[in-house]
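Me: Please take a close look at one part of this model, the packing of two helices against each other, and then set it beside the sheets and the ligand surroundings in one connected account.

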Amino acid sequence: MYDAPQVSTPTHCPYCALQCGMNLRSLPGAGVGVEERADFPVNRGALCGKGRTAAAVLDARVRLGGPLVRSARSGELEPATWSEALAAVAEGLGRARGAYGADAVGVFGGGGLTNEKAYTLGKFARLVLGTSQIDYNGRFCMSSAAAAHHRAFGLDRGLPFPLEDIPRTGCVILVGSNLAETMPPALRYLTELKENGGKLIVVDPRRTRTAEQADLHLAPRPGTDLALALGLLHLVVAEGRVDEAFVEERTEGWEAARAGAMAHWPEHVERITGVAVPQLRDAVRMFCDAPSGMVLTARGPEQQSKGTDTVGAWINLCLATGRAGRPLSGYGCLTGQGNGQGGREHGQKADQLPGYRKLDDPAARAHVAQVWGVPPESLPGPGRSAYELLDALGGDIKALLLMGSNPVVSAPRAAHVEERLRSLDFLAVADVVLSETAALADVVLPVTQWAEETGTTTNLEGRVLLRRRAITPPDGVRTDLEVLHALAALLGWEKGFPTDPEEVFDELRRASAGGPADYSGISYRRIAEEDGVFWPCPEPDHPGTPRLFLDRFATPDGRARFVPVVHRDSAEETDETYPIVLTTGRVVAQYQSGAQTRRVEELNAAAPGPFVELHPRLAARLGVTEGQDVTVVSRRGRAVAPARVTTAIRADTVFMPFHWPGEGRANTLTNPALDPTSKMPEFKVCAVRLEAGSGTGATDAGTGARSGSG
Ligand SMILES: Nc1nc2c(c(=O)[nH]1)N[C@H]1C(S)=C(S)[C@@H](COP(=O)(O)OP(=O)(O)OC[C@H]3O[C@@H](n4cnc5c(=O)[nH]c(N)nc54)[C@H](O)[C@@H]3O)O[C@H]1N2
Ligand SMILES: Nc1nc2c(c(=O)[nH]1)N[C@H]1C(S)=C(S)[C@@H](COP(=O)(O)OP(=O)(O)OC[C@H]3O[C@@H](n4cnc5c(=O)[nH]c(N)nc54)[C@H](O)[C@@H]3O)O[C@H]1N2
Ligand code: SF4
Ligand SMILES: [Mo]
């Protein structure tokens, strides 16, 4: 029925966590067109350029059309049949398991996979492969905020309220989010906030398009948000702005957190962050004078080796001022990937079972094992985190199945990760395009795209949404669920891996029942009728939970926990050899590793390649002008890209977007230092030196050493 020409199918964007609603109109003989869908509340019809052009990736000229297998003879990837390709994967994974044991096989997933895929991938790893070695790219995304959420509130849902609450709060502190570029339709919520008389404070080392909207812009040195938040809390105490009644009734642990903050004098915080004391005072007054308030963080403060404590410090500020667990107030994390929220709930994370259950909790194991029809003892224990897993490739992990990520471009210390991937005995990649990582594989499995398949995603608000199949996929590709079904069958599991997404979702509901992320009351039918359903939703007649924590937090006693934190340095501070801070992030027209968006003409025209953003003073010292090549050198390697000279960045900091492979790959430079709790790599801070020009040597793989002199 959906395949009929001129039918308009309501669905959601394939890219970011906003999951904008869109209509897909199938055009006879001309594929599919993206149209406005004004009835979906999150974006009310608005789309960014990526969403508008998403259908371009459906074109046969840019996508994979059939399986590829590396030929033993030529060493090249060559076309193969599906049965040859699947047999090769089953054999490659099976051989590693047979020779070295189940944990020699790794699985790497992605936060862009639907709930059904993420759930099935986790089940496939634990049952079919029996491996503990599964993790996913969400570890690189919001894992620090997730860990801090758990510690403070006993539950991790990115936003505890819908976006529609933002315009009605009194003051928003937006920390390290450039949502004008990363979620453009959401900028409206900040504009409406200001129209309603609310205040906006933006914390970002760069004066971004988002920061330009702010009433107050604080521009700290990268990696110092923890000190900044502690300094603000110090002033809250010093100026008598603590909400004593809230602290008394709804929280635990204030004394220790207070003591931590009192050690961070404003003058001391100014020295660490570079933010002047009067600005700190202005921020505290603006936040505390408003009748309600929110703190929202994104990757800026989170992608640090102290990301969990940093988010904890911002949560402490919310708790001390009573800006949590009340209407129009609270702390939230702006999750990033299309299913960044759902992808972290249903078992592709190393320590997790569906429903956001813990893999080391005996009751959780018993519940899920019963849904899966296996004995609890057969489930492996927790495995390694994403970077640790990638770092172990070719060591004790000999074979890898990768679905929904492109780590050659997006992982920290990427040259090393690339070298680890090359050292595997066997690599299988399921993707829609021949990504830089797929190009290294022994077998490439081409899969269907969002418009060609049905499945659910959970957006940054915790709203579970339905993407519907609008068109028939080309003959040569299969869905990820079909791939996992076929591999399971080849490896001896005829049952338990259905290909119908709704059947998978119904099983996911049962597996999640009673867990923290309870989906058991949600059905495809309800989602379609209700603009999505917010979890937890434990019964079919439960309305869903748009707003969390209003009566109690999700801790055993219902009180939120202050966590005592103190500032610490970044893993790599600047020194004489590497005197400049490199931070990294995004531009509006490219998505992540660029695997999809670099294949769209209109987006490439808008953002054709990498660049190094630097301050005019720094540019003058180097002797480079706009557009000239700059070489950026870190302890991991070197990258070259043209200079973009602007006063919108601190003079001690440079910024590079990470969307491109090759010479300008930002992740050649980044530091894989991990947060001890969340295992989040420090994408936002490393020490570099700059050289004018493109140097003489090639980009080095791994050590950062280079033959010849620069
Ligand atoms: N166009 C586009 N949109 C996207 C994506 C994309 O790739 N492209 N990806 C999606 C995904 S998965 C994600 S996770 C989100 C990410 O969304 P954002 O978090 O908004 O994106 P980033 O550009 O990584 O980082 C945001 C800001 O953090 C600032 N920053 C850098 N270092 C620091 C620091 O130490 N402290 C503070 N406070 N700020 C700092 C940067 O200057 C940057 O402006 O975007 C989603 N949307
Ligand atoms: N320096 C630096 N590095 C970063 C960041 C940063 O801020 N700075 N941010 C980090 C963050 S927040 C993130 S989320 C990661 C993301 O980085 P990646 O994990 O590399 O994310 P994508 O580029 O979205 O890769 C998804 C891949 O899966 C494919 N794909 C899309 N949909 C599907 C599907 O349904 N099935 C299958 N099988 N494949 C699919 C796409 O074509 C693409 O090749 O990057 C991280 N890396
Ligand atoms: S903001 Fe995100 S979800 Fe919306 S159209 Fe752009 S990429 Fe898609
Ligand atoms: Mo992300």
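Reply: What follows starts with the helix pair and then turns to the two sheets and the ligand shell.

The model is a predicted one, and the pair to examine consists of helix α3, residues 115-129, and helix α19, residues 501-512. Two packed helices are described by the angle between their axes and the distance between the axes. Here the angle is about 70° and the axes lie 9 Å apart. Since angles from 65 to 115 degrees count as roughly perpendicular, α3 and α19 are therefore roughly perpendicular to each other. The crossing of these two helices is left-handed. On the α3 side the contact is made by N115, E116, Y119, T120 and K123, which meet P501, V504, F505, E507, L508 and A511 of α19. Sorted by class, this contact holds 6 nonpolar, 2 polar and 3 charged residues.

Turning to the sheets, one is an open sheet of 3 strands, ordered β1-β2-β3 and paired in the antiparallel sense. Its edge strands are β1 (8-12) and β3 (32-35), each of which pairs on one side only, and neighbouring strands in this sheet are turned against each other by 35° on average, direction ignored. Between β1 and β2, the latter spanning residues 21-26, the antiparallel pairing extends over 5 bridges, and H12 stands opposite G21 of β2.

Another open sheet has 5 strands with parallel pairing, in the order β10-β9-β8-β12-β13. Its edges are taken by β10 (216-218) and β13 (330-333), each with a single partner strand, so one side of each is left without a neighbour in the sheet. For this sheet the average turn between neighbouring strands is 15°, direction ignored. The parallel strands β12 (residues 293-297) and β13 are joined by 4 bridges, and T297 has C333 in β13 as its bridge partner. Helix α6, residues 187-195, packs on this sheet and touches β8 (171-175) and β9 (199-203), with a direction that makes about 135° with that of β9.

The last part concerns ligand 3, whose surroundings comprise C13, Y15, C16, L18, Q19, C20, L47, C48, K50, G51, P184 and P185. By class, the shell around ligand 3 is made up of 9 nonpolar, 2 polar and 1 charged residues.

Terms used. Residues are numbered from 1 along each chain as its sequence is written. Chains are lettered from A and ligands numbered from 1 in the order in which they are written. This is a predicted model: local features need pLDDT of at least 70, side-chain atom pairs count only at pLDDT 80 or more; totals for chains, interfaces and linings use all residues. Side-chain values use heavy atoms; hydrogens and water are left out. A residue is near a molecule or strand if one of its heavy atoms lies within 4 Å of it. Ala, Val, Leu, Ile, Met, Phe, Trp, Tyr, Cys and Pro count as nonpolar, Asp, Glu, Lys and Arg as charged, and the others, Gly among them, as polar. Axes are lines fitted to C-alpha atoms, for helices over the stretch in contact, and angles run from 0 to 180 degrees between N-to-C directions. Angles under 35 degrees count as roughly parallel, over 145 as roughly antiparallel, 65 to 115 as roughly perpendicular and the rest as oblique. A crossing is left-handed if the near helix is turned anticlockwise from the far one by less than a right angle, and right-handed if clockwise. Contact means heavy atoms within 4.5 Å. Two strands pair if DSSP finds at least two bridges between them.
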